[in-house]
Every structure is written in C-alpha cells, then in structure tokens.
Amino acid sequence: QVQLVESGGGLVQAGGSLRLSCAASGGISSINFMAWYRQAPGKQRELVAGITSGGSTNYADSVKGRFTISRDNAKNTVFLQMFSLKPEDTAVYYCRAEGVAYGSNWYDSRGQGTQVTVSS
C-alpha cells in the first residue's frame, strides 16, 4: 500500500516562507502525478499545485508567483516551496500521488496533512 508522509508545516508570519515535503513509499512502480491540496476551516479542499512525472506544473491562481512545486523522482518526493505567505494561506496541506504500484495496480493515495498557519 502506497503511503505518503508530509512534513514542513508550521507557524510563520505573513510574508514568510515555508517548504513542505511529501515522501511516498510502499511498492511504488511509478508516480504519474503528485499534487498539493489544502483545506481551510469551513472551506472545501482545493488544489494548490500539481506536477506530472515529466515536470509539467499547474497552480491555483491564488498561489501563482508565490508557490513552486517540484519533485525528486529518485526519492519519490514532492516539495512545495511557499514564499510571501498570507494569512489566507492558512490551512491543512495534503499531499496526493497517483500512479502504478508493483503488480500493475493503480493507486491514488493521500497523506494525513500538515498544518500551515500564517499570522498577520
């Protein structure tokens, strides 16, 4: 079973930076797509950024120019570098990975989430 473990969340002042990491493990043959989602209290979960195995990226309009998603394919890890953080970026950030596991089974796994809090 593919598992995802996020790290790097915390409390930061507005204008500050954080770097989130998410490591995938457990019988992975390939990871086609990795992404970060976030969910703020009382709001729906939203896609923040995604990246394909070939390195193509997409971002939510609200984070373009401030966040950068990247991945280390050799380590099955995805990163989210966040700059110029705003209080409205406060949320639980979740990692997602989808691809093929050993035995040719498709997987779509989510992490447990890491809290990001931006104070004004």
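Strands β9 and β10, the latter covering residues 105-110, run antiparallel and are joined by six bridges. Please keep in mind throughout that we are looking at a predicted model. One of the facing pairs consists of Ala 97 and Ser 109, the serine being the partner in β10. The two strands form a hairpin with three residues between them. In that turn, Gly 103 has a positive phi of about 95°. For those who are new to the subject, strands of a sheet pair through backbone hydrogen bonds, in either a parallel or an antiparallel manner.

Let us stay with β9. This strand spans residues 91-101, and nine of its eleven residues are buried. Which other strands pair with β9? Strand β4, residues 28-39, does so in the antiparallel sense, over ten bridges. Within that pairing, Gly 99 of β9 is the bridge partner of Ile 31. Strand β11 also pairs with β9, again in the antiparallel sense, over three bridges. Here Val 92 has Gln 115 as its bridge partner in β11.

I now turn to strand β4. Six bridges join β4 to β5, and these two strands run antiparallel. Across this pairing, Ala 35 stands opposite Gly 50 of β5. β4 and β5 form a hairpin as well, with six residues between the strands, and Gly 42 takes a positive phi near 80°.

Ile 28 also belongs to β4. Is Ile 28 buried or exposed? Its relative accessible area is 11%, and because buried means under 20%, Ile 28 counts as buried. Leaving aside residues up to four places away in sequence, Ile 28 touches Val 2, Asn 76, Val 100, Ala 101, Tyr 102 and Tyr 107. Ile 28 can also be compared with Trp 106: the two are 78 residues apart in sequence, while their C-alpha atoms are 9.9 Å apart in space.

Next, the disulfide. A disulfide is a covalent bond between the sulfur atoms of two cysteines. How many does the structure hold? There is one, and it joins Cys 22 to Cys 95, with 2.1 Å from S to S. The link of Cys 22 and Cys 95 is left-handed, with -85° about the S-S bond. Cys 22 lies in strand β3, residues 18-25, and Cys 95 lies in β9, so the pair ties together parts that are 73 residues apart in sequence. Both cysteines are covered: Cys 22 is buried, with a relative accessible area of 0%, and Cys 95 is buried, with a value of 1%.

Cys 22 leads us to another sheet pairing. Glu 6 stands opposite Cys 22 in β3, and β1 and β3 pair in the antiparallel sense over five bridges. These strands belong to an open sheet of four strands, in the order β1-β3-β8-β7, with antiparallel pairing. Which strands are at the edges of this sheet? They are β1, residues 3-7, and β7, residues 67-72, each of which pairs on one side only. From one strand to the next, the twist averages 15°.

We come to the largest nonpolar core, which has 31 residues. The members that touch the most other members are Trp 36, Val 48, Phe 67, Val 78, Leu 80, Met 82 and Tyr 93. Two or more residues come from each of β3, β4, β5, β7, β8, β9 and β11. Which of these elements gives the most to the core? The answer is β9, with five residues.

Consider Tyr 93 from that group. Not counting residues up to four places away in sequence, Tyr 93 touches a number of residues, including Glu 6, Leu 20, Trp 36, Val 48, Phe 67, Leu 80, Met 82 and Thr 114.

The last of these is our final residue. Thr 114 is found in β11, residues 114-119. Thr 114 is buried, with a relative accessible area of 11%. Where does the side chain of Thr 114 reach? It comes to 3.3 Å from the backbone nitrogen of Gly 9. Among the residues that Thr 114 touches, beyond those up to four places away in sequence, are Glu 6, Gly 8, Gly 9, Leu 20 and Ala 91. Val 92 and Tyr 93 also appear among these contacts of Thr 114.

Terms used
Residues are numbered from 1 along each chain as its sequence is written. This is a predicted model: local features need pLDDT of at least 70, side-chain atom pairs count only at pLDDT 80 or more; totals for chains, interfaces and linings use all residues. Side-chain values use heavy atoms; hydrogens and water are left out. Buried means under 20% relative accessible area, exposed over 50%, partly exposed in between (1.4 Å probe, protein chains only). A polar contact is a pair of N or O atoms within 3.5 Å; within protein, one must be able to donate a hydrogen and the other to accept it, and residues adjacent in sequence count only if both atoms are side-chain atoms. Contact means heavy atoms within 4.5 Å. Two strands pair if DSSP finds at least two bridges between them. A disulfide is a pair of cysteine sulfur atoms within 2.5 Å. Axes are lines fitted to C-alpha atoms, for helices over the stretch in contact, and angles run from 0 to 180 degrees between N-to-C directions. A nonpolar core is a set of buried Ala, Val, Leu, Ile, Met, Phe, Trp, Tyr and Cys residues joined through side-chain atoms within 4.5 Å.
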